[in-house]
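Subject: Structure for you to look at

Dear colleague,

I am passing on the structure below for your files. My notes on it follow.

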Amino acid sequence: MASRSNAVSVLAPAKVNLSLHVTGQRDDGYHLLDSLVAFAPVHDRLDISHGNTLSLTVEGPEGAGVPADMDNLVLKAAAMFADDRGAAITLTKNLPSASGIGGGSADAAAIVRGLMVFWGLAKDWDDPELADAVGQKLAALGADIPMCLLNRPARVSGIGDEIEYISPLGPIPAILINPRVEVSTPAVFRALKSKTNPPMPETLPAFKGVQDFVPWLTDQRNDLQEPALALAPEIGKVLNALEAEPDCMLARMSGSGATCFGIFPNKDSCYAATERLYTDHPDWWVAGGFLGDQFELSLPKVS
Ligand code: C5P
């Protein structure tokens, strides 16, 4: 077992649903999903240092309005594993809240990764069995949290809590855009007309890069896109802006929105489009980078 550390920093990358098929609904109202998930190199950050009790400070460009009390998933997740241990946690928010890229879920997963190292309960996180055990506990706080524990591309099913890690997909050059409207996940699910839609093909092909992957992905869907568009028409403006980029291969919404992603054939075309969209829409949140490989910076940095 690892010894205690003086300080631990851990990153919580954005989760992108490249596809999201809603295949059914359980008796308790939760929906059954079949979704391909990858992580983006844009992230929140959690810094952990000594504290007698658990405490949270929230800062960063997207920190305004984010609770620093027990309403925050970070403290709820930390409390699940704390027993009588303490920690002073600073959360730097770079990801917009309630935006379909799992910001709160990624933060909850990341703080547990970080605290397990900080408290000497785990040495590192490259262990799917440990992630599975921890994920089963964290699923009680949110269906999306377990898939954020290892930041690896995965096919998720069940209500989002059954995770099958897949071979790296990428790198996939992509832009993420949020039009700065918050969308309520339950409202989007409620507005979904058909609750039983076809899953993805049972077997995922072995992809040989973005040229190979995108035609296959184009045949998949995000079933929540249509109901989210009806609730937040700004999503349509983002999809149109991405599709108007000459090199954009596919534009789609992530999760229950409102963040959308656009996939590009290479880094140069992706970065050029990122710069244009960022300049033309100063009111939007815009980030460019590569999806698909394991997010390299996800392991806690110990000092
Ligand atoms: O699990 P989480 O708290 O993230 O989900 C938020 C809400 O989204 C749930 O209360 C539920 O209304 C809806 N949801 C769903 N089916 C899922 C995941 C979430 O209906 N698989």
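Lys137 is partly exposed, because 14 other C-beta atoms lie within 10 Å, and 20 or more would be needed for a buried residue. Please keep in mind throughout that this is a predicted model. Lys137 belongs to helix α3. Its C-alpha atom is separated by 9.2 Å from that of Ala77, although the two residues are 60 apart along the chain.

Helix α1

Ala77 leads to helix α1, residues 73–82, where it is one of the buried residues. The others on that list are Leu73, Val74, Leu75 and Ala78. The cover over the buried residues of α1 includes β3 (54–59), β4, α2 and α3 (128–138). After α1 comes Asp83, which has a positive phi, near 50°.

Nonpolar core

Val74 also turns up in the largest nonpolar core, which has 89 residues. Together with Ala109, Ile111 and Ile175, Val74 touches the most other members of that core. Helix α2 supplies the largest share of the core, 10 residues. Domain 1 (7–167) and domain 2 (172–291) each contribute at least three residues to this core. In general, nonpolar side chains in soluble globular proteins tend to be buried together. Not counting residues up to four places away in sequence, Val74 touches Leu56, Ile89, Leu91, Asp107, Ala108 and Ile111.

The two domains

The protein is divided into domain 1, residues 7–167, and domain 2, residues 172–291. Their C-alpha centres lie 22 Å apart. The contact takes 29 residues from domain 1 and 33 from domain 2. On the side of domain 1 that touches domain 2, the elements giving two or more residues are β1 (7–25) and β2. Of these, β1 gives the most to that side, with 11 residues. By class, the side of domain 1 that touches domain 2 holds 15 nonpolar, 12 polar and two charged residues.

The ligand

Where does the ligand lie with respect to domain 1 and domain 2? Both domains give residues to the shell around the ligand, so the ligand lies between them. The surrounding residues are Tyr30, His31, Leu33, Gly142, Ala143, Asp144, Ile159, Gly160, Thr185, Pro186 and Phe189. At least two residues of this shell come from each of β2 (31–49) and α4 (185–191). The largest share, three residues, is from α4. Six residues of the shell are nonpolar, four are polar and one is charged.

Annotations

Two UniProt features, each from an unreviewed entry, may be useful to you. The annotation "domain: GHMP kinase N-terminal" covers residues 72–150. That span is 47% helix and 8% strand, and its end C-alpha atoms lie 21 Å apart.

The other feature, "binding site", is placed by UniProt at Pro96, Ser97, Ala98, Ser99, Gly100, Ile101, Gly102, Gly103, Gly104, Ser105 and Ala106. I looked at two of these positions.

Gly100 sits in the loop between β4 (87–92) and α2 (103–118). Gly100 counts as buried because it has 30 C-beta neighbours inside 10 Å. Leaving aside its neighbours within four places in sequence, Gly100 is in contact with Val183, Met253, Ser254, Gly255, Ser256, Gly257, Ala258 and Thr259.

Ile101 is likewise found in the loop between β4 and α2. With 28 C-beta neighbours inside 10 Å, Ile101 counts as buried. Its contacts, again leaving aside neighbours within four places in sequence, are Ala14, Lys15, Val16, Leu95, Leu176, Ser254, Gly255 and Thr259. Ser254, Gly255 and Thr259 therefore appear in the contact lists of both Gly100 and Ile101, where a contact is a pair of C-beta atoms within 7 Å.

Glu234

Is Glu234 buried, exposed or partly exposed? Glu234 is partly exposed, since 17 other C-beta atoms lie within 10 Å. The residue is in helix α7, residues 234–243. Beyond four places in sequence, Glu234 is in contact with Pro179, Val181 and Ala258. Ala258 is also among the contacts of Gly100. Between Glu234 and Gly292 there are 26 Å in space, C-alpha to C-alpha, and the two are 58 residues apart in sequence.

With regards

Terms used:
Residues are numbered from 1 along each chain as its sequence is written. This is a predicted model: local features need pLDDT of at least 70, side-chain atom pairs count only at pLDDT 80 or more; totals for chains, interfaces and linings use all residues. A residue is near a molecule or strand if its C-beta atom, placed from the backbone, lies within 6 Å of it. Helices (H or I, at least four residues) and strands (E, at least two) are DSSP runs, numbered from the N terminus. Ala, Val, Leu, Ile, Met, Phe, Trp, Tyr, Cys and Pro count as nonpolar, Asp, Glu, Lys and Arg as charged, and the others, Gly among them, as polar. Domain bounds come from an automatic or database domain assignment. UniProt positions are given in the numbering used here, feature names are shortened, and annotations may be inferred rather than shown by experiment. A residue is buried if 20 or more other C-beta atoms lie within 10 Å of its own, exposed if 12 or fewer, and partly exposed in between; C-beta atoms are placed from the backbone. Two residues are in contact if their C-beta atoms, placed from the backbone, lie within 7 Å. A nonpolar core is a set of buried Ala, Val, Leu, Ile, Met, Phe, Trp, Tyr and Cys residues joined through C-beta atoms within 7 Å.
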